[in-house]
Structure formats: structure tokens, C-alpha cells
Amino acid sequence: MTPRERAVAALNGKIPDRVPCVPLVDTSYAAACAQLPVSDCFLHPETYAAALVATLDRHPDIDGVSINIGLSSDVVVEHTRDQGTHRVKTRGGLTWKVPENDIGSVEHCEIKDFRDSRLATDEYLMPACLRTLRAIPQKYRKKYLINTTVTGPFSQVAFLVGLDPIMVGTIEEVDDLLCAIEQRVPFALKWVDALAELDPGCIWIGEGFASNSLLGCASYRRFVMPFEKRVVERIHSIGKTALLHICGKLDQSLESTLETGADGVEIDWQVNLPQAKRRVGARLTLKGNLNTTTLVRSKPDEVYALTRELIAQGKPDGRFIVSSGCCLGRDTPPENVDAMVRACEDAGAYA
């Protein structure tokens, strides 16, 4: 099996030749592999693509990498730099702070009202994602799982208005918030359609703001799950697998993710893997969930042992992919990624 075939088989509930290893390699670790500032990859899609290729060249036995959010010239309104830190204003009234060696984060949101017209008009994340995937040479896209993000409707609104307003909105402005989320659904569906012709191995629905660290199960079911379900349906309509990414805790909403129809869910290190396996069985592929801090600080033999333990917990009934619990840190020793792969190779098939 090719790495892509192996990972897609696991996501689809089939039996691959061995347990797949797809560490959540995105911007930061890829930049380190390419010996580039993280900001260069976050702000320049073609540079990001080159860094992901450099990662696959350094780790040819992993089964895939991930394209996460970034910015591109297509959406930039203003761009300044001071002492290595970039400040970039994009469509939708967002000002991003992008340190030299960290990914960007929203520093300021102009939108203060869920009825702001820009919620229905401004696209600010899709172009960078498409340009990154397009710039990865075809031979890598055919061989490896290039897990490509579509930011979920709820998280799109959270970026545009900020975390505090959206949390308050789930209680005090329910109808307006639901309307705002509904307005972002066409952007997510258009994003899926644009990815179809680029043939990603998997489409990754990024819903970092839907964590049970922030939302209870009732709020997840009301403000997130129904909209994710529509995105999953569109992903399946183009013949691709759908993988949910929800940061942090998922203990309250794990069963609800099944109702989205997604093929798999990435679980962070806070999720107890044996319990999660008991709860979803073979109905959903779990991808996870080594602690990213542990992967930075531990020695390769320790990572190998932890990965073997994780495999023993995850492989009963199949539908398990070894990964980091969230995005690999820039300072993760490459030897620890090698140890994860070696553990998967030594563990062999699920049975």
C-alpha cells in the first residue's frame, strides 16, 4: 500500500497493511524541517507547500501531512512588519499578529455584530489553502495523504467576531448567531468544491473552537454539528473522506460527532483513548493522540514506548491512526517522529 492508500483505508473502516502514522504536521514543524521562519510558511502558500515537501523528504515513511490555515496575498489589505513580527489585515476586518517563529493569530476583529454584512461576503482563509495544495508536486499528492483543511462554519464565525462574542452569543444572541453561522456554510461548501479538482487524500474540517473546553454538548449540537453535517455531506458527494478536528476536550460531544457522518475525528491528548474506543467502537476512525509537549521533551525510546502503548489501546476493531494530539510543535525532535513511525511499522496490522 502507498501511504495515502493506507491512511484512507483506515479512515474508511477498511484494514490497511499496518497501523497508519499521520502525525499532525502542519505549519510550524514543516517550517522547522525546511529551516524557515514559521511566518514565511503562514504568509506564503507556495513556501508552505515547499516546507511540507521538505518534511516528507525528511520523513518518507510517515503516511501524510496536513494543510492548515494560513494567509495569502489574495486576501491581504495591509501588511506591516516591526522587529520580526508581522501585522496583517485581511478581508473581514481581521488583524493578524504573526511572530517570526509562530503561526498567526487574530489580534483584532472589526466585526462586532452578528448582523454585519461582511459575515455573508468576505472570504479570508480559502485562497491560501488552495494555493498550498496546488503547489505540492503531484507525485507527493498521489503518494501521501495530504490532509487539507476546510474551516467549519462555526469556527469561521469565531475567527471573524472573536471568541468572547461567540461564547456570549450562544446564550444571549442565539438567533443572530445561528444566522451568522448559516451565512458561512456556502463558503465551506465552495471550499470543498474547489478542493475536488485538486484531489486531496482527505478533507479536514477544522473546528478548533468547538472544543468541550469551550462548548458543552448541547451547544455543540445546536451551533456546530448540524452545519458540520452539511459540510461532510458535500465532502462525501465528491468522493472524499471527511475528518473532523476539534481541539482539547471532547468527552461530552464524542457520540455527537458520529451524527455528522464524518469518517474520522482527530482527538487531542486530553481525550482518553480507551474510553473513546469503547464509546464509538468501529463506527468512527480515531486519529491521535500523543501529547505534543511530551513529543517535544521526550527521548526517542520513550516516544516509541508511548506509541506502542497507544497502538495497543487504539487498534482493537481497527479504525485507528497514530498521530500527535494536535499540531506538532516547531521544536519537536525529528527523531521522535521517526520513533512514532518505527512503532507503527513494528506493531504491524490491526489484528
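**Exercise 1. Classify the accessibility of Gln83 and describe its backbone.**

Step 1. Gln83 has a relative accessibility of 79%, so it counts as exposed; here buried means under 20% relative accessible area, exposed over 50%, and partly exposed in between, with a 1.4 Å probe and protein chains only.

Step 2. The residue sits in the loop between β2 (76-82) and β3 (85-90). Helices (H or I, at least four residues) and strands (E, at least two) are DSSP runs, numbered from the N terminus.

Step 3. Phi of Gln83 is positive, about 50°, although the residue is not a glycine. Most residues other than glycine have a negative phi, and most peptide bonds are trans.

A note on the source: this is a predicted model, in which local features need pLDDT of at least 70 and side-chain atom pairs count only at pLDDT 80 or more, while totals for chains, interfaces and linings use all residues. Residues are numbered from 1 along each chain as its sequence is written, and side-chain values use heavy atoms, with hydrogens and water left out.

**Exercise 2. Describe the backbone at Asp199 and at the peptide bond from Gly288 to Asn289.**

Step 1. Asp199 is found in the loop between α9 and β7 (202-206). Its phi is near 55°, a positive value in a residue other than glycine.

Step 2. With a relative accessible area of 22%, Asp199 is partly exposed.

Step 3. The peptide bond from Gly288 to Asn289 is cis, and its omega is near -20°. Asn289 belongs to strand β10.

**Exercise 3. At what angle do helices α7 and α8 pack, and which residues make the contact?**

Step 1. Two packed helices are described by the angle between their axes and the distance between the axes. Axes are lines fitted to C-alpha atoms, for helices over the stretch in contact, and angles run from 0 to 180 degrees between N-to-C directions.

Step 2. For α7 (residues 153-161) and α8 (residues 163-172), the angle is about 125° and the axes are 7 Å apart. α7 is therefore oblique to α8; angles under 35 degrees count as roughly parallel, over 145 as roughly antiparallel, 65 to 115 as roughly perpendicular and the rest as oblique.

Step 3. Phe154, Val157, Ala158 and Val161 of α7 meet Leu163, Pro165, Ile166 and Met167 of α8, where contact means heavy atoms within 4.5 Å.

Step 4. These contact residues comprise eight nonpolar, no polar and no charged. In this division, Ala, Val, Leu, Ile, Met, Phe, Trp, Tyr, Cys and Pro count as nonpolar, Asp, Glu, Lys and Arg as charged, and the others, Gly among them, as polar.

Step 5. Nine of the nine residues of α7 are buried. Just after α7, Gly162 has a positive phi of about 100°.

**Exercise 4. Which residues touch the most other members of the largest nonpolar core?**

Step 1. A nonpolar core is a set of buried Ala, Val, Leu, Ile, Met, Phe, Trp, Tyr and Cys residues joined through side-chain atoms within 4.5 Å.

Step 2. The largest one contains 113 residues, and Trp96, Phe154, Val157 and Leu286 touch the most other members.

Step 3. Helix α9 (residues 174-196) supplies the largest share of this core, 10 residues.

**Exercise 5. Compare the span of helix α16 with its expected value, then list its packing partners.**

Step 1. The expected span of a helix is 1.5 Å times one less than its number of residues. Helix α16 (residues 334-347) has 14 residues and reaches 20 Å from its first C-alpha to its last, close to the 20 Å expected.

Step 2. Its buried residues are Asn336, Val337, Ala339, Met340, Val341, Ala343, Cys344 and Ala347. They pack against α2 (27-33), β10 (285-290), α14 (292-297), α15 (300-314) and β11 (320-324).

Step 3. Gly348 follows α16 and has a positive phi, near 75°.

**Exercise 6. Describe the surroundings of Cys21 and Thr55.**

Step 1. Cys21 is found in the loop between α1 (3-11) and α2, and at 0% relative accessibility it counts as buried.

Step 2. Leaving aside neighbours within four places in sequence, Cys21 is in contact with Ile62, Asp63, Gly64, Val322, Met340, Val341 and Cys344.

Step 3. Thr55 lies in helix α4 (residues 45-58) and is buried, with a relative accessible area of 0%.

Step 4. Not counting residues up to four places away in sequence, Thr55 touches Val25, Tyr29, Ala30, Cys33 and Val65.
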